[in-house]
Structures are given as structure tokens and as C-alpha cells.
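Student: I have a model open on my screen and would like to understand the words people use to describe it. Could you take me through them?

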There are 2 protein chains.
Amino acid sequence: MATSTAPSSSSLTLSQSLSKSLPTISPHPHRISLPTISLSTSSLKCSRRVASRAAAVRASASAVDVEDKTETGLVEKSVNTIRFLAIDAVEKANSGHPGLPMGCAPMGHILYDEIMKYNPKNPYWFNRDRFVLSAGHGCMLQYALLHLAGYDSVKEEDLKSFRQWGSKTPGHPENFETPGIEVTTGPLGQGVANAVGLALAEKHLAARFNKPGSEIVDHYTYVILGDGCQMEGISNEACSLASHWGLGKLIAFYDDNHISIDGDTAIAFTESVDKRFEGLGWHVIWVKNGNTGYDEIRAAIEEAKAVTDKPTLIKVTTTIGFGSPNKANSYSVHGSALGAKEVDATRKNLGWPHEPFHVPEDVKKHWSRHTPEGAALEAEWNAKFAEYEKKYKEEAQELKSLISGELPVGWEKALPTYTPDTPGDSTRNLSQTNLNALAKVLPGLLGGSADLASSNMTLLKMFGDFQKDTPEERNVRFGVREHGMGAICNGIALHCPGLIPYCATFFVFTDYMRAAMRLSALCEAGVIYVMTHDSIGLGEDGPTHQPIEHIASFRAMPNILMLRPADGNETAGAYKVAVLNRKRPSVLALSRQKLPNLPGTSIEGVEKGGYTISDNSSGNKPDVILIGTGSELEIAAKAADELRKSGKTVRVVSFVSWELFDEQSAAYKESVLPAAVSARVSIEAGTTFGWEKIVGSKGKAIGIDHFGASAPADKIYKEFGLTVEAVIAAAKALC
Amino acid sequence: MATSTAPSSSSLTLSQSLSKSLPTISPHPHRISLPTISLSTSSLKCSRRVASRAAAVRASASAVDVEDKTETGLVEKSVNTIRFLAIDAVEKANSGHPGLPMGCAPMGHILYDEIMKYNPKNPYWFNRDRFVLSAGHGCMLQYALLHLAGYDSVKEEDLKSFRQWGSKTPGHPENFETPGIEVTTGPLGQGVANAVGLALAEKHLAARFNKPGSEIVDHYTYVILGDGCQMEGISNEACSLASHWGLGKLIAFYDDNHISIDGDTAIAFTESVDKRFEGLGWHVIWVKNGNTGYDEIRAAIEEAKAVTDKPTLIKVTTTIGFGSPNKANSYSVHGSALGAKEVDATRKNLGWPHEPFHVPEDVKKHWSRHTPEGAALEAEWNAKFAEYEKKYKEEAQELKSLISGELPVGWEKALPTYTPDTPGDSTRNLSQTNLNALAKVLPGLLGGSADLASSNMTLLKMFGDFQKDTPEERNVRFGVREHGMGAICNGIALHCPGLIPYCATFFVFTDYMRAAMRLSALCEAGVIYVMTHDSIGLGEDGPTHQPIEHIASFRAMPNILMLRPADGNETAGAYKVAVLNRKRPSVLALSRQKLPNLPGTSIEGVEKGGYTISDNSSGNKPDVILIGTGSELEIAAKAADELRKSGKTVRVVSFVSWELFDEQSAAYKESVLPAAVSARVSIEAGTTFGWEKIVGSKGKAIGIDHFGASAPADKIYKEFGLTVEAVIAAAKALC
């Protein structure tokens, strides 16, 4: 497989000649002579804890304020530019994290200036290398790099408005704010798991679309993670999968700086990360001098690329806050501005006489080549794609749709429909019917379960397992790793708009992955969360497995759709909504138990969130409105039958998604829940928390405001009072 | 340090003589001759995937239906008793997980019959060894063991009502239902993290209370975890800490059966667990024949006990569903009843002619010694404690209070109080004042933060760090491991009633630990969650760090107290409530920003959940009620001042805990929120979800129903409309 930096195609002439005409630094470490002033590995190793100041002073010898004639000098200058852009932005904001950018500037420089292929003027170019800053608090590193590389999203004024209202440079990297940022990070460990998803997507698409001699999908995924990311369980989950899947084009830089917020990591983190990663099945390299050992970093990347069957962890030992004479190698430089005095001292120490936010001309000139080079890379790829299209028309069309995110015309016709005569089924089974129907028409649908495929009913029957040697398949086996699963799906969703990842576990175990789900919502990743066993209806497994508060907890979360379909049509409707919402994740709460197909349910109804499924009143004024969701809609419908027999006019409303209902017009809402009708009874096998909004202060919400129990489902429903009788009694008390 | 099974004190005569008079199996492996029929390691290793049936048949040769004369035969018989109790109970319930008990019965037998010290007639005896079944779905293993060992909580009828309404044998182990169960497991990975907490508690208390020659605190913590637990990130987090802390008396059995729900673990779990655990700093032993290699298991435990400076992982390779001729070693035996036909086949295969739930007389007789032995162990310890008490009166009294959970008389006098003249402060700082005041009077208070001690303000200034070599200290450094932290605190809380663990992170990162927090609520562990940076008020870190829906999500969770104090008195009140609620966890949402001490706030008010802090009306009929929590109570109070100037009668209510308010009398509630006053305005810097219940359908809830933003806090409050002006406008519109 071709590497990303040494393309051999003849169509590369433009970028090749460009790179020759500019004072570039070769991306190939073996062509570079070692900078004589760089610290030797052993001296750095000895000094890093006790003599960082001395080290910094020695290192600063190479930073001078005239145009650098040497490649090495220019690199050092570029690296210091990055450091000071970070220092200055944090200082101006009086808030932020200067330590990581100061320590990671060398690897950042090498990645963005020498290694990665990207087009700054089109941050969304499909075949770009992906970069994730998992240690998102160090975002000024990435903003500085995007700025130098020529991205329009991070101009000087953006750096100057770091962490300010409305800026493109928020306090943590946010893909929805800043083109050039791939994913949203900050909550630790998420980014590296996102990166696993990005690398999975690349491997999957490459296997599906690449042809001999035409590797149309071919990029690396790079990630920088810190000690904090390493401590989080999510990173272990995702990294275990990364090697299981053989994600050889995933290269992770572990910023091993031995400092976290509470001080030296020795107080809480003394494991051998190297050994753990070897156990996980990664290739591990240690760069002992991450501060000035540019060639060590370059060699490590070259070695990582040579290992194609497993991901590589490059442990890069750095000094947090490198260059700050009094704060380097201490927690004080992690999350606060250096302060004017220390900024001055650092300027002196690193030989940086420039005013804040200054980019020296030679550095600017050096980086300026990325704009034409990036355009050339994209043009070259476009030409390659045109060739590919000629030979493989069908594949090209499919790939195009994945790149654009355009759904195939008429895809929704694949959704199954049902009548009340169709035998009942659990909504988890109905979900599988939908997934399998959709997989035939949606080329980007792929996913799986956290070791519950046969319970969540998520297998796509026409596909095999996505595995190391069968990456073209679409059933992903996540193992019992809910948190990693969610974050990996975020990465898949953000790889390109046409990929539609779904993932599954028991609804109660959303608790394990809630941080990833919140990020789906925040970063606009339209992941489909297939959450089965959605209530006490799962029965004997008991309260540890029975969700109670979960549905309310997602209704309360911004930008996420919580859907609880009641039967076949509603499950199809939920999938229609979920597929259409590419920038908003959907949570589908699905039953373990069998449910009947109810008269009046419809896909269109689901799209409105709440709708009437039956009504024997006229003039929009029933005696009572019964409202149910999911498995309890049947109970509401049965209670309505009884109440009607006793002469009442009753409306039954399915309230499958509160968020969608909220978005309807006032007139529509009034047509479903007329203000004049205060006699309202809701029933849902979950907390009543929040239902006052729907039933009003005069209505009655029937639900469960305590934990569940271990027993057969029917018994629990009865004991907890979730019965037709209870609904009838509540209705009669109100009308 | 003395081991738990070889006491040398002369007061042990009773139990020693008892053990001699009964047909015991020696706990000491070196005294046991190897059973000649046991499979050799190598043959089992070769056969386990392909020939489990043959293996099972061979193993069954030793199970006969007459009284066994040999120790080995009796062990085998006891092990098969355990297997069939599990098989029969699952079969009767037609629901459950027989596979694990069938595979783990040998290690279970050895632990409960030969190794562990406990008193079945007092499951709460303080110095007992703790056992945790992290793979909680296999609970029939533990129920069978408790039954054989003589625990009154699991009688034959309890086994027969497995997974039924109201039984003592629910579908997963629940400490609040079944004495003898230490913690609640089922959600995977939690149990092993709980076990780390139990072992931490033992090490801490031993360091504080043991004296030369008087090791009054001295027990082991054993845990069985499966592949699922291993895959979960939480277990990696907790296990990293376990070795960091040098928990040498934690011994974990990893049931390495290569099967999870979706099939062979090869589809998703191919890392080297051994190597990972070596990387984590554990001592690792591999028992290759967990099915019949009793001596291997015994030797491993002995080796584990000899390693005192680090925890031990004993990887025990077993066959899931061992003995089932057609289902062993397959996922089909994991989570379903075997079915009548296969139960019969298994009975034949293992030579088990007995009717369901039968315990052979010799097995019964053999296990019967644990009742007198357990009583003797406790009596011996009581005598030892009496000696200890004579020598170390003060320590003994303190330890007694930890064992009983009785709080020192007058402890609450240590809580600080404030007046409106006291300079304002952030509630996170006020929280630290409370923690430090309480640490002086509460001997069981200990805890820490997930690497945010200096942000969460959780350090106890008079104590050092709980570390490997300073385990007597009380500041626990969890590293960036929120999920492990929560579950470890559950373990600490459930070790003995007087331990009061607290733990801390940013409120938004409760998303990382929600599964553990839910288990605190379910298993009645009164953990104190110190959650700072509780709103957009944290400012520049932006939406990844700003909680919005979190407060609602905990209000919706059963049996957990969500408290959001507004100032000094309320923070003290929140701590009073949290300390008093030993069977209900508390979540304290605390501000990063400074808040004034408001007139009218009080500890007593907090205890009622909601209360009036100011009112210029009479007759319980103000024009409008303004309701605030936490940092927004100040805004409500300021708005009230303005409204009163314009002639309105205004009540200001602090609504610090909805759960506590719910528990008040109807009369009290009416006195705070009179039904006749529908003009109500609430303000809270979080979602408005749920507030309809408080403000009613005519009221107005001011909040934030979208994600936050990165900018200085004041700016965000203004842009999001959380202002005095907004409250005034809303109030004026209503009255």
C-alpha cells in the first residue's frame, strides 16, 4: 500500500515540483542530518525531571531572530512559533492550556508540515489524513498548526479571540465550529476512540473500493493523546479493538510528559503503558526526546508506517511547558496562562524577541507551500478518481454518495410497513428487519453491538463480520465495550457524511457510554443508537438491567432524538427519522417483549413525534386523552377501548419522540393535545419525571419512580401498577 | 502479615478442634495428594475448544452416588452439587445463566470451602473475607455457595424461587436483597472495581488500626471476573489503581472461558490479558485447567497470598457450561436454561442421578462445619478485639464506630455557618471548608478526585495521600478515571457502614461514571459525589465541559439525592444531608464561580429540599414566586428586590433538592408553593426539563435547552438570557 507522503503516480508532478521549488524540509528522516545541538537521548532522560530548565536553556541556543538558512534552524523556529502562538493566545484569553502545545509543538510541526496530506483550502477533501487531538485541552497546538498551514478557519484574529464568545477557536476543539477540526474533543479518551473510528472507516472503505493499482481510499489517522487519555477506560477499550481490527494506518502519539492536573503522574499512574499496549497488540515505539529530537520523531513515524498490520503507539517523552524556565515540567503550566512575567522569561529563554502572535516571515514562507501543495494533492486525487470512475462506474457512484452524504433516491421505500393483522413482534426484532432492509439500500450503513448482537438483534444478514482480514464487511463486533463503541461510531460518522453507523446495547447500559452519546449530540454525529430491553419488560435480569430514568435523561439532553416506537410501523418510522437526521443522533428504545401492531400507527406519525392513533370524539374535545409510548401504547389503546364502552370519548396519542413533537407548529400541537382538555393520562414504563409538561398539572402520569425488580415481566408490570385497569381508574378520576 | 486461613493465636483452639473433628479438606494444597483422575494441563489445553464433551465425560468418572471416602471424590461431588444447583435453578426459572457456575464451580468451591473466612450466621462480621462476583450474571454460583455454606439468606426454597418476585435470589447479585452478597453486580466491570474499593478499605483500616501483634483488620478480597468484565474500560481503570496502591490482599480470578454472548471471544477480544495486567503492575498466574485442576487453583491462591506488595490476577482457563455434553464451550450455555433434554444429558454425563436441587448428604455434612467454624472465627476475633480494646481504647472506639456506622455525637456542630456579611465564595471552595471540617469529626471520611483535586477543591489538609506506602492517609488520588473512582467508592462504602467515601470531578463528567453512580443508588452506598463546575458558569472550557441536562438526569434517577446549594449555609446543609444519608448517595453540584452569602439560607432549609429564603407577602399569597437553585438563587433574589421596589409581593424559594422537598408533608409543601399561586418563575443554568412540575403549566422556567459555549462566564449568562432582567420580565408577564 502506498504511503501518504511518497506518491508515485505521474500525476503528482505539480506538487512534486512545488516541493522542490520551496525551501522544504524533507519528510524523510534519513535524508536529514541530525541537528548538532539537539540533546542526546540519555542526557535528556536523566535531566527531564530535575533539570528541565537547563535543558530548555540549552535547547534555546538554536533559536535565532534572523532568517534561518538551515533546515534544522527553520524547524526550530517553526516549532517555537507554534509554542508562542499558544502562549500568546492563552495569555490574551487569560485562560487555557499552554503546557501541551509547548511540549507537543515538535511532533505537531512534523505532522502538519512534513507528514500529513491535506488541503487547507478544502478541509473536507475526502482523502485527507485525519488528525485528532485527543488531549483536546491543548487545542492551541492545533489552532496554531491550522493557522500556519493556511486554513481559512484560523486566521490571526481567530487566534486573538481564543476562548471568546462566537470565535472559531473555542476552549476545546469543536468540529462544528472550526473547519479543519475532525472531531470534538476535551472529555479525555474520546479522541483516541474517535480516531479508531476514523481508521476503521478508512480500512473499511479502502477494502470496499480500492482496486489493484487504484487505491482511491488511502489515508492515515494520527492522534495525540496524553496521560489523562491513557488513564480513561474508554481508551483501553478502543485501543484493544484497534489492534484486533489490525488498523495499521492508525498512528497514535502518546505525549508522555508525566504531568497531569494534580501534579506528577506518579501519584496515580505508575503502570507500564508500553507493556499494556504491547498486551493490547500494538506496535510500540519510544521517542525519548520529544522536545528536540526531531529525527527521532520522524524515524518513529517511518517505522510506524512500515508496520501495516497493527496500529502503532509512539510514546513521545516531552516536557510539558517546554521552554518556560520556571513552570516547565510542572502542573502549573497545564491549565493556566503563564502570566506576563513568565511569558517574558520564556521569550528570553527560547530566544524569541517577537511581539505576541508574530509569525516570522521565513516561517510563514516555509508553510505557505501547503496551500498549493494541498490543492495539488486534491487535484491529483480528483484525477485519480476520474480514472477510477471510468473503470468502476458503479463503485465510483457509491463512493461519491458516501462522500457527499446524499441518500439514494427512494431509499425510504425499503422501510417495511405493517397492518394490525401482521403478527406482533418485539420492537428489537422489528428493528432488525429495518436494519436489514436499509442495509440493502444505504451503502453507508454499518454497525453492531457491544457483545449483544443476538439480544439487540443487530446482525445484517447479508454481510459478514468486519474483521482484520474482512474489513469490507459491515457487522462490527465491539465486544463488551459500550463507551468505546459509542466514540468509535462518532469517528465513523464524522469520517464522511455518507457513513451511517449504528451501535447497540441494552438501554440501561447507555450509562456506560453516555459521555460518547453526548458528544454525538454536540459534534453533530448522526449515530443511530439501537437500545433494546428498554424497560422492566426485560423481566428477570432485574433492576441492574432495567432502565427507569434513562428515557427522561435523553429527553433532557440537547440535540439528540429519543424515540420509543410502539410497533412495526413506528419502528420503521423511527428508522426513517434516524437515517434522515445525519447531524443529530437518535436513540431508539426497543422492547425485548412481543408487541401487537396497533391500528392507527404510522411512519408519518412518528415523524411528527406525537400523534393521534385513535379517537372517538369530535370537535377536538375528547373527554380524556390517553398518552403512551413504546410497549405501553398498547395498554393505553386497550384502556381506551374499555372507556369507550362505558360511553367516554377518548383519544389515544402515541408520544414516540418529544423532541420531534416540540418542533411541530402550534396548530399541530393543539390538534393533538388541545389546551382545553386537561384530562390526560400518560403511561410509560419509566420515570414520570418530565411528564408534567405533557399531562399538565391536572393530569396523571403513570410510571415507575423507583428501581425495578427481578421477576417475569408480566408480574412486574402488574405489581408496579402499569396496567389497563390503572389507566382506566386514572382516566375516570379525571373525567 | 498473617494469612487468613492459618491463624496462629492460641484463642483459635475452638475452630481448630472443630476443623479436626470434621471431614475437612485441608486448605493447604501441599498437604493434598493430586486426584489421579484429574486431567493433565496439557491434555485439557489441547482439548478445551474441540473436545469439551470428551473431557466432561472423562471428568465425570469421579462423580458417584455413594458417600465418598476420599477427599478428592468429595470435592468433585461438592463441585457438581454447585453445578446442578445452578442448572436446576435456572431450569426452574427458565431464565438465567448456567454457563459460568458450571465452569467456575471448582474455584467457587475452593474459595468458600477451603480458603475464605466468614461466619454464615453473621454475614456482616467485620473481619470476614470479601467475595465479589463481578460476572454477576453467574449469580447462581454464589447462591449455591451461600446455600451450602449455611447462610440463612439462601435456603432451598430461595434457590427454587430464583429470579421470581420477592425472592432473595434475584437475577443478579444484590447486596440489599441477600445477606452474604457484598455488592451489587451485573453491569460488567463494576464488581472488580468494587473489589478494589473493598481492598482499599481493608488496607486503609489495617494501616490505621493494626498494632504490632494485633492485626485486628486482616482479610482478603476475592473477585471472579469474566471476559466481559475484562473488556470494559472500568476494570482497566480500577486495576491500574489496584497495583498502584499495592493492594496485595486483592486476589482476582479471571474466568478465561473464551466465550461471551456473541460467541467466541476471538471475534472481538484478542489482546493478551496477561501481558496487559503485567503492564498494569499485577502479579499474574495462569491456571490452565480450571475445570478439574483443584490443586492448580489451590497453589495459585497460595502463590497469590505470598505476593503481598501487589494484587494478583489468577487467569483460570475454564470451559463454560462444563459438563453439558452438547452446549459446553458455546455461547448457548451462557444466558439460557439448558432445557430438559440437555439437563438430563448433563446429569448422565457428570454421573448425577439426583433429583433437582438435591444436595447429597456427605456434601451437606462436609459443608456443615462452616457454621461452627464461622462462629468460632468471629468469637476468636471478638476476643482479639477485646484484647485490643484494653490496650488501645481510643482506636478501638473509633474502629467500633466505623464498624457500626454510628456517627459521633454532635458531629454536625463541625459544619460551618455563614451570614450575609461573610465574604462570598464559590461553593466548590465552601465544599472544601466543609470537607476539612468534617474530616476532623468523622473518622470514616476519605476520598478524592479524578485528577482535579485542585479544581474540585477536595484535599483534606490535615491528611496526606493514601498511597502504597502511606495507606493510613485519607486523600485518595484516583487519576483521570471517573468510572473506576465511582465504583471504588461503592466498594469503600459497602466495606463497613462507617466509611464515608467522597469523590469528585467536573459535574459534566458524571457522564463517565453514571453506571457506577446508578449502582450507588441501587445498592444503597452513601457515596458523596462532589461535582464542581456545575454549569455554564465555568466559562471558557466550553460546551464539552458545561453540564446542561445533568441535573435533570439525576433528579430522574431513583434513590439518589441531587443537591445544588447556593452559598455557604446551603453547602453546609448539603453536607449535613449527604453525611446523614448513609444508604442513599448524594450528588453535590457546586460552582466554580464566586457566590454571595444570601440572607435567609440555612442548613435546616436545605434539609427540607425547598424553602422560602425571603418573602414580603402575607397570607401565603405572594404575587409571584421566584425559584432558584445554586448560583441562580442570587439572580432570583436580586430580581425579587427589584420587583418589590415596584410594589409586588414576592417570595423567593431555594429549591436545592427536589427529592427532599418531595418527602415533606403536604402542608409544608403548600406553605412553600401554595397551589393558589400559579405565577411562578424558576431560574437554573441547566435544562428546563422537568421544571413544569414546580412552576406549573402557567409558570415560566428559565434555563438552557441547548449546549453551552466557550466564552467568559458573565458573557454566556448574558447571551443565554440568564439574567435578573429576564426573571423580572417573566414575573411581570405573570402577575
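Tutor: Gladly! Let's start with pairing: two strands pair if DSSP finds at least two bridges between them. Keep in mind that this is a predicted model.

Student: What makes β9 and β12 of chain A a pair?

Tutor: Five bridges join strand β9 (residues 445–449) of chain A to strand β12 (residues 500–506) of chain A. The cut-off is at least two bridges, so β9(A) and β12(A) pair, and they run parallel. To find one spot on your screen, look for G448(A), which stands opposite C503(A) in β12(A).

Student: Which sheet holds these strands, and why are β10 and β14 of chain A called edge strands?

Tutor: The sheet is open and has seven strands with parallel pairing, in the order β10-β11-β9-β12-β13-β15-β14 (chain A). In that sheet, β10 (465–466) and β14 (561–563) of chain A each pair on one side only, and that makes them the edge strands.

Student: What are the partners of β9 in chain B?

Tutor: β9(B) is joined by five bridges to β12 (residues 500–506) of chain B, running parallel. Three bridges join β9(B) to β11 (residues 475–477) of chain B, also parallel. L446(B) stands opposite P501(B), while G447(B) has N475(B) as its bridge partner.

Student: How do you know that β9(B) is largely enclosed?

Tutor: Buried means under 20% relative accessible area. Five of the five residues of β9(B) are buried, so the strand is largely enclosed by the rest of the structure. Both faces are covered, with L445(B), G447(B) and S449(B) on one side and L446(B) and G448(B) on the other.

Student: Two serines next. Is S618(B) buried or exposed?

Tutor: S618(B) has 62% relative accessibility. Exposed means over 50%, so S618(B) counts as exposed. You'll find S618(B) in the loop between β17 (611–615) and β18 (624–628) of chain B. S618(B) is 33 residues from R651(B) in sequence and 10.0 Å from R651(B) in space, C-alpha to C-alpha.

Student: And why is S631(B) called buried?

Tutor: The relative accessible area of S631(B) is 6%, and the cut-off is under 20%, so S631(B) is buried. S631(B) lies in the loop between β18 and α24 (633–645) of chain B. Leaving out residues up to four places away in sequence, S631(B) touches S535(B), R564(B), Q593(B), L595(B) and Y717(B).

Student: What makes the link between S631(B) and R564(B) a polar contact?

Tutor: Their side chains come to 3.0 Å, and a polar contact needs a suitable pair of N or O atoms within 3.5 Å.

Student: How do you know that the span of helix α15 of chain A agrees with its length?

Tutor: At 1.5 Å a residue, the 22 residues of α15 (residues 370–391) of chain A should span 32 Å; the end C-alpha atoms are 31 Å apart, which agrees. Its buried residues include H370(A), W381(A), F385(A) and Y388(A).

Student: Which residues have the most contacts inside the largest nonpolar core?

Tutor: Those are L626(A) and L626(B), in a core of 100 residues. Among the residues that L626(A) touches are A636(A), L643(A), V652(A) and V727(A).

Student: Last one: why speak of a two-fold axis?

Tutor: A rotation of 180° with 0.0 Å of shift along its axis superposes chain B on chain A (RMSD 0.0 Å). That is the relation of a two-fold axis. In addition, 99% of the interface residues of chain B are also interface residues in chain A, so the copies meet through the same surface.

Conventions. Residues are numbered from 1 along each chain as its sequence is written. Chains are lettered from A and ligands numbered from 1 in the order in which they are written. This is a predicted model: local features need pLDDT of at least 70, side-chain atom pairs count only at pLDDT 80 or more; totals for chains, interfaces and linings use all residues. Side-chain values use heavy atoms; hydrogens and water are left out. Copies are superposed by least squares on the C-alpha atoms of residues with pLDDT of at least 70 in both. Contact means heavy atoms within 4.5 Å. Helices (H or I, at least four residues) and strands (E, at least two) are DSSP runs, numbered from the N terminus. The expected span of a helix is 1.5 Å times one less than its number of residues. Buried means under 20% relative accessible area, exposed over 50%, partly exposed in between (1.4 Å probe, protein chains only). A polar contact is a pair of N or O atoms within 3.5 Å; within protein, one must be able to donate a hydrogen and the other to accept it, and residues adjacent in sequence count only if both atoms are side-chain atoms. A nonpolar core is a set of buried Ala, Val, Leu, Ile, Met, Phe, Trp, Tyr and Cys residues joined through side-chain atoms within 4.5 Å.
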